[in-house]
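Reader: Before we look at any particular feature, could you take me through how each one should be read, giving the general idea and then the case at hand?

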Amino acid sequence: MRRRQQPPLPKRHGLDPARLRLPEAGEWATIRDHLVERLPRVDPARIDELLRDGGIVDLDGPIAPDAPYAPGGAVWFHRDLPTETPVPFDITVVHRDDDLLVVDKPHFLATIPRGQHILQTALVRLRQDLELPDLIPAHRLDRVTAGLVLFIVNPARRGAYQTMFHKRTVSKEYEAIAPFDPELELPRVVRSRIVKEKHILAAQEVAGEPNAETSIELLEQRGGLGRYRLRPVTGRTHQLRLHMNSLGIPILGDDFYPVLTDKPVDDFTRPLQLLAASLAFTDPISGQPRRFDTTLSLQAWRDPDGWAG
């Protein structure tokens with residue numbers, strides 16, 4: 001296995017610099033000319049500023065503003081970060097050892113940097129707050145879903161723990177709050193074919209061979225609401241939300257199903273009532289069984305008026 005090339009720039013805000021490989025073929029006179037064409041969303045004046053300030057480097061150091069194009073080379077720089085509204089909820093550490101970190105991620109906090117969510121992500125926060133610059137996630141949890149996420153502390157263990165999730169050898173349980181339908185027969189297993197197209201926010205269930213499976217049972221009910229346990233066998237995008245909606249009991253706070261609504265990214269009210277409640281697996285290093293349970297609960301069950309308000 002090829003070793004990953006170490007960036008010549010240190011992490012910033014817990015993030016590695018961006019790396020751009022320079023194509024072997026090209027007619028650019030300078031590296032600056034290539035970057036202007038390669039990065040159309042970046043103002044050329046900003047590229048010039050970074051070059052003047054030594055903010056774009058190769059393995060030999062800062063690149064001069066007039067440095068000739070170097071086919072097959074590579075450059076590194078830190079991207080400008082978007083303006084983000086702080087997510088006003090804490091991350092709770094559930095377990096920490098030399099290999100693993102298990103946390104309860106709050107609603108509205110993305111797991112990893114993506115799009116407009118960079119600093120306000122669980123990974124970046126944890127790298128900075130716990131001084132763990134090499135921390136990496138073993139899996140992901142949707143931004144609007146709360147609950148357990150497993151991170152890998154020791155980079156040498158990355159493959160072993162991530163493989164568990166890829167091979168679906170981790171047992172996951174979720175809790176959800178949704179309407180109670182006395183005519184709905186539960187428990188049951190829901191199977192369907194889920195398709196998520198690129199650049200389209202919502203996934204959809206379509207005809208065809210099922211590729212998603214969820215076991216759903218009612219734990220208790222009161223006041224027209226039910227508390228449900230969900231056990232996914234597969235991990236399709238929005239699988240639990242789609243399967244609950246297909247039964248006519250969409251999860252409370254779901255802004256995608258049954259109707260896609262445009263909720264501002266800085267609106268932290270009425271969170272989706274879906275919680276990653278437990279993770280269980282056989283540790284690939286020690287061979288011992290491990291189980292982690294959430295410290296959180298869903299507000300719509302313990303305080304329905306507060307959630308609705």
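Reader: By class, how many nonpolar, polar and charged residues does the lining of the second largest pocket have?

Author: Please keep in mind throughout that this is a predicted model. As a general idea, rolling a probe the size of a water molecule over the atoms shows where empty space is left. Here, the lining of the second largest pocket is made up of eleven nonpolar, three polar and four charged residues.

Reader: How much space lies in the second largest pocket, and which residues are the closest to its centre?

Author: The second largest pocket holds about 430 Å³ of space. Its lining consists of 18 residues, of which R41, V42, R79, D80 and L81 are the closest to the centre. Helix α2, which spans residues 44-52, gives the largest share of that lining, namely three residues.

Reader: Turning to the backbone, which peptide bonds that lead into a proline are cis, and where do those prolines lie?

Author: The angle to read is omega, and two bonds can be taken in turn. The peptide bond from L186 to P187 is cis, with omega near 5°, and P187 is placed in the loop that runs between β9 (171-179) and β10 (188-195). The peptide bond from Y257 to P258 is likewise cis, with omega near 10°, and P258 belongs to the loop between α5 (239-246) and β14 (274-282).

Reader: What is the value of phi at E131, and is this residue buried or exposed?

Author: For E131, phi is near 55°, which is a positive value in a residue other than glycine. The residue sits in the loop between α3 (122-129) and β7 (136-137). Exposed means over 50% relative accessible area, and E131 counts as exposed because its relative accessibility is 66%.

Reader: And H238, what is its phi, and is it buried or exposed?

Author: H238 also has a positive phi in a residue other than glycine, here near 60°, and its place is in the loop between β13 (225-232) and α5. The cut-off for buried is under 20% relative accessible area, so H238, at 11% relative accessibility, counts as buried.

Reader: Which residues is Q239 in contact with, leaving aside its neighbours within four places in sequence?

Author: Q239 lies in helix α5 and is buried, because its relative accessible area is 2%. With its neighbours within four places in sequence left aside, Q239 is in contact with I194, A212, E213, T214, P232, V233 and T234.

Key
Residues are numbered from 1 along each chain as its sequence is written. This is a predicted model: local features need pLDDT of at least 70, side-chain atom pairs count only at pLDDT 80 or more; totals for chains, interfaces and linings use all residues. Side-chain values use heavy atoms; hydrogens and water are left out. On a 1 Å grid over the protein atoms alone, a cavity is a set of points where a 1.4 Å probe fits but cannot get out, and a pocket is an open set with protein on both sides within 12 Å along at least five of seven lines; lining residues have an atom within 4 Å of a point. Grid points are joined across faces, edges and corners, and a volume is the space filled by probe spheres set on the points. Helices (H or I, at least four residues) and strands (E, at least two) are DSSP runs, numbered from the N terminus. Ala, Val, Leu, Ile, Met, Phe, Trp, Tyr, Cys and Pro count as nonpolar, Asp, Glu, Lys and Arg as charged, and the others, Gly among them, as polar. Buried means under 20% relative accessible area, exposed over 50%, partly exposed in between (1.4 Å probe, protein chains only). Contact means heavy atoms within 4.5 Å.
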